[in-house]
Amino acid sequence: MSANSSERAAPVDVVLVKAGRTKIRYRGELVADDGNRIAVRAPWAGDGVRDFGFVRFEPGDVFTEYYWRDRWYAVKEVRDARGTLKGWYCDITRPATVSGSELIVEDLDLDLWLSADGTAVLRLDEDEFAASGLASRDPEAAAAAVSALDELELLAEEGNFEALLR
């Protein structure tokens with residue numbers, strides 16, 4: 001899987017797996033793949049509006065999603081239909097894998113939200129992570145997940161977050 005600005009964007013199926021089952025599958029376009037970091041652009045794949053209280057994802061929103069083969073997270077830049085930045089939603093995941101035209105990512109429950117203006121940095125779903133049992137089933141993966149969340153939070157709080165996406 002490779003793409004650059006001189007090629008037409010290739011379709012890719014993003015497959016988000018949680019607890020061994022496919023949570024969601026959606027079609028996007030491959031923006032770039034440098035061998036480690038993969039960038040995909042896709043419209044909001046959810047049904048209707050999803051209001052989290054701190055942000056609303058809705059039809060027309062466009063996600064530019066960044067996945068790494070060596071990092072335990074994915075960063076999703078969220079823009080509305082007019083192109084206005086809403087912020088970044090980050091999933092803590094196992095490193096991404098690619099199989100044919102599928103980008104496969106295992107969600108580990110932890111999430112982070114960073115608002116467009118940088119004033120809101122929210123750790124999310126820590127209760128779901130604790131309830132998942134990952135810490136007892138796979139302590140090394142659980143430690144990597146918590147470390148990844150800490151890393152993203154620190155980058156967001158220090159104002160260095162966008163450097164991840166360059």
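This passage describes helix α3, the nonpolar cores and a set of paired strands in a predicted model.

Helix α3 comprises 20 residues, 139-158. At 1.5 Å a residue, the expected span is 28 Å. The C-alpha atoms at the two ends lie 28 Å apart, so the model agrees with that value. The buried residues of α3 are Ala141, Ala142, Ala145, Ala148, Leu149, Leu152, Glu153, Leu155 and Ala156. Their arc around the axis is only 165°, which means that they share the same side of α3. Pro139, Glu140 and Glu157 are exposed on the other side of the helix. Both strands and helices cover the buried residues of α3. The covering elements include the strands β7 (73-79), β8 (85-93), β10 (102-115) and β11 (121-124). They also include the helices α1 (126-132) and α2 (134-137). Glycine 159 comes just after α3 and takes a positive phi of about 80°.

The largest nonpolar core contains 25 residues. Those with the most contacts inside this core are Tyr73, Val75, Ile92, Leu152, Phe161, Leu164 and Leu165. At least two core residues come from each of β6 (62-68), β7, β8, β10 and α3. Helix α3 provides the largest share, 8 residues. A second core, of 13 residues, is separate. Val12, Tyr67, Ala96 and Leu103 are among its members.

Leucine 164 can be examined individually. Residues up to four places away in sequence are not counted here. Leucine 164 then touches Leu152 and Leu155, along with Tyr73 and Val75. Arg37, Trp68 and Arg71 are also in contact with leucine 164.

Strand β3 spans residues 37-43 and is mostly covered, with 5 of its 7 residues buried. Strand β3 is joined to β2 (residues 21-33) by 4 bridges, and these two strands run antiparallel. Aspartate 33 stands opposite isoleucine 38 of β3. The hairpin of β2 and β3 has 3 residues between the strands. In this hairpin, glycine 35 has a positive phi near 100°. Strand β3 also runs antiparallel to β6, with 7 bridges between them. One of the paired positions links alanine 42 to phenylalanine 63 in β6.

Threonine 64 also belongs to β6. Its relative accessibility is 9%, so threonine 64 counts as buried. A polar contact of 3.4 Å connects the side chains of threonine 64 and arginine 41. With neighbours within four places in sequence left aside, the contacts of threonine 64 are Val40, Arg41, Val75, Lys76 and Glu77.

Glutamate 77 lies in strand β7. This residue has a relative accessible area of 13% and is therefore buried, the limit being 20%. The side chain of glutamate 77 makes a polar contact of 3.1 Å with the side chain of arginine 79. Beyond neighbours within four places in sequence, glutamate 77 is in contact with Val62, Phe63 and Thr64. Further contacts of glutamate 77 are Leu85, Gly87, Trp88 and Leu165.

Note on methods. Residues are numbered from 1 along each chain as its sequence is written. This is a predicted model: local features need pLDDT of at least 70, side-chain atom pairs count only at pLDDT 80 or more; totals for chains, interfaces and linings use all residues. Side-chain values use heavy atoms; hydrogens and water are left out. The expected span of a helix is 1.5 Å times one less than its number of residues. Buried means under 20% relative accessible area, exposed over 50%, partly exposed in between (1.4 Å probe, protein chains only). The arc is that of the directions from the helix axis to the C-beta atoms. Contact means heavy atoms within 4.5 Å. A nonpolar core is a set of buried Ala, Val, Leu, Ile, Met, Phe, Trp, Tyr and Cys residues joined through side-chain atoms within 4.5 Å. A polar contact is a pair of N or O atoms within 3.5 Å; within protein, one must be able to donate a hydrogen and the other to accept it, and residues adjacent in sequence count only if both atoms are side-chain atoms. Two strands pair if DSSP finds at least two bridges between them.
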